[in-house]
Each structure stands twice: as C-alpha cells, then as structure tokens.
Amino acid sequence: MKYGILNSIGNTPMIEINIDGYQFIAKMECMNPFGSMKDRAAFAILQKSLDTKAINYDTTIVESSSGNFAIALSGVCASMNMKCTCVVDNNITKMNRQIIEQYGSKIVKINNPGKDQSNQEKRIETVKQILKSNDNMYWTNQYDNSLIQESYFSLAKEILVQCPHVEQIFIPVSTCGTIAGVSTWIKEHKSNVKIIAVDSYGSKIFGNRITRNKFTGMGSIIKPGNLKNALIDKVIRVTDYECILNCHSLLKQGLFVGASSGAVVAAIKKSKSCCENIITIFPDRGDRYLNNLYCQEWIDKNISELLKEEAIIS
C-alpha cells in the first residue's frame, strides 16, 4: 500500500440531484481525501515528476495558492514525506491556513502588491523569488502545466464510464487545468459532448472583471496558460450571490459543498438546457467556507455589496 491514503484519490461517486425542478448528475470530487478535485493534480504531478526524476523526495514543492491546491499539495506532500511551501495572500481563510499548517507545510505570506499588481501576480512573483534561493525546489505551476491538465484525464474517463450518455458537462474554472484536461479527453472520445465553462464576474478569464471575487477557487485575475488547451463550447458567468443561494439550497439536501458547486448549479439554471444527461462537478467541501459562505454574520455584512453586483449584472 505505497502512499496509503493517496490510493483513495479518484473514483468519486456520482449522485442525481433535483433542485428547483432542474435535474442533473453531480460528480462528487469533494469526496477526495483532502477535500477537492485538486487532489488528483497534486498527486499526479508529484508522482510523474518523481518517476521522471525531475524531482526527488528532498525537493521542496512550491506553489502560489491560498485554497484547494495548497491543501491538496500539503496533504500529498505529508503523505509522501516531502516538504511543501505555499505562497498565500491576505485573502486566505483562517480555516485553509489551519489545514495547510496542520499538514506541516510552510506558509509564506506576500507583502502588499504594487499599485498595478494583483495578489495573484504578486504571489507568482514571490514564488519565482523563492525558487532562486534553493536549487532543489519545484514549482508545480497550476496555472500553466500540461501535467496538471493530464491529471484530469482520469476524471474525464470516470465521467464517461459512470454516465456514457452524457450530453453536457458544466465545469467551474479558475486555473483552467480541470477544464483543459477533461475537455481534451472527452472531445477525443465523444466529440458531441458540450463543455460549458462556469466563471465568476470577479474573473478576467472570459471578459472584463465586474466585481471582486469573494470566494477562493472561482475565476482568476490572470488568463491561465492552461486555457489554451481547453475545448469550450459555451461560457456562463455567475455572481457570488447566486453561489450563496444555490449552496444553501444544496445544503437542504444534505450536500455541504463549496462555492463553485453553487456556481455550477446557477449556471445550469441559467442555461435552461433541455438535455437529459447533464453532468457537473462539485469540486470541494463546504467546511472551508464556514467563515463566509456559510456564516450568516458574514453574509449580513456583505449583503449590500452582493446585491449591488446583482444589480450591475442584471
């Protein structure tokens, strides 16, 4: 049983969901051992890099992430007895920071970015500076890495095996590794399947940024390199408020999931699709959103801004 818990990554279940009259099937990636679909990428890229001797067990793994990929890398590195450094910004939640630290990873918090620089850009700049300090460091570069894209072929295969009649797949985007990998494999094996990208209005991936993202794991302030390999048929953008409403609706069905799961439900509703075989991905668990998405005090504090975004979009 080499790597122990890592053998449980993947082969996640699918469940049928009916919410407000919309029926679809959700791939429960939130049930991976470290809580998200990013577990696939973290394990696959380290395993491949070890196999090709691009890294060794003494290599320090470095990444710019305050969310699921940081947690996934931290968990995988702990399981493989490797060192991990996560570069984060002020937006990291208390919950995520605690999880990352419990796995033994080092956290490097960036200084305030420059006037024309985003937190994301500052984090990447800091990663590059860290890499110069030690020869035996490796940046997984979740924004532009073919190994990460390939790590999601397994997810695509599972979708097609579990639901061979799939017609549409709704995929939330951020670093775009998932949608690049899934769409590439799916289109090669079943070209008529439509791939719908779900993005936030706080993102610049598919258009102008209308507002600031409230949740990690949704959208991006930069256009990730992974996007160039994604085969996308349609893009649907959603608001943070829509994420909240739909996550709380899912919770009433016992589904304690993250913001991007609410986003894909909102997108399915907006699409008004007549397809019978709609698949979506629920990327992560709800426990890492307890201080915002599932905190009534936080919602009350931010409701004016959330509704303002709704008004702008409508």
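How many residues sit between β1 and β2 in their hairpin? The answer is two, and one residue of that turn, Asp20, has a positive phi of about 55 degrees. Before going further, keep in mind that this is a predicted model.

**The sheet**

Let's stay with that hairpin for a moment. β1 and β2 run antiparallel to each other and are joined by six bridges. One pair to look for is Glu16, whose bridge partner in β2 is Ile25.

Now zoom out. The hairpin strands belong to an open sheet of six strands, in the order β1-β2-β10-β7-β8-β9, and the pairing is mixed. At the edges you'll find β1 (14-19) and β9 (234-238), each of which pairs on one side only. From one strand to the next, the twist averages 30 degrees.

For a parallel pair, look at β7 (residues 168-172) and β8 (residues 194-200), which are joined by five bridges. Here Phe170 has Ile196 in β8 as its bridge partner. As a bit of background, side chains in a regular strand alternate between the two faces of the sheet.

**Helices across the sheet**

Two helices are worth tracing over these strands. Helix α6 (residues 153-162) lies across β1, β2 (22-27), β7 and β10 (278-281), and it runs at about 130 degrees to β2. Helix α9 (residues 259-271) lies across β1, β2, β7, β8, β9 and β10, running at about 115 degrees to β9.

How many of the 13 residues of α9 are buried? Twelve are, so α9 is largely enclosed by the rest of the structure. Among them are Gly262, Val264, Ile268 and Lys269. Its length works out too: at 1.5 Å a residue α9 should span 18 Å, and its end C-alpha atoms are 19 Å apart, which agrees. Just after this helix, Lys272 takes a positive phi of about 50 degrees.

Helix α7 (residues 177-189) also has 13 residues, and its first and last C-alpha atoms are 19 Å apart, close to the expected 18 Å. Ten of those residues are buried, so α7 is largely enclosed by the rest of the structure. The buried ones include Ile179, Val182, Trp185 and Ile186. Part of their cover comes from α5 (146-151), α6, β7, β8 and β10.

**Two helices that meet**

Packed helices are described by the angle and the distance between their axes. The axes of α8 (residues 240-251) and α9 come within 7 Å and cross at roughly 100 degrees. That makes α8 roughly perpendicular to α9. On the α8 side, the meeting residues are Glu242, Cys243, Asn246, Cys247 and Leu250, while α9 brings residues including Ala259, Ala263, Val265 and Lys270. The residues of this contact divide into seven nonpolar, three polar and three charged.

**Two loop residues with positive phi**

Asp20, from our opening turn, isn't a glycine, yet its phi is positive. Lys53 is likewise a residue other than glycine with a positive phi. Where are they? Asp20 lies in the loop between β1 and β2, and Lys53 is in the loop between α1 (38-51) and β3 (60-64). Here are their values:

| Residue | Phi | Relative accessible area |
|---|---|---|
| Asp20 | about 55 degrees | 56% |
| Lys53 | near 65 degrees | 72% |

Are these residues buried or exposed? Asp20 is exposed, and Lys53 counts as exposed as well. The cut-off for that label is over 50% relative accessible area.

Note on methods: Residues numbered from 1 in each chain as written. Predicted model: local features only at pLDDT ≥ 70, side-chain atom pairs only at ≥ 80, totals over all residues. Heavy atoms only, no water. Pairing = 2+ DSSP bridges. Helix = DSSP H or I, 4+ residues; strand = E, 2+ residues; numbered from the N terminus. Axes fitted to C-alpha atoms, helices over the stretch in contact; angles between N-to-C directions. Contact = heavy atoms within 4.5 Å. Expected span 1.5 Å × (residues − 1). Buried < 20%, exposed > 50% of the residue type's maximum accessible area, 1.4 Å probe, protein only. Parallel < 35°, antiparallel > 145°, perpendicular 65-115°, else oblique. Nonpolar A, V, L, I, M, F, W, Y, C, P; charged D, E, K, R; others polar.
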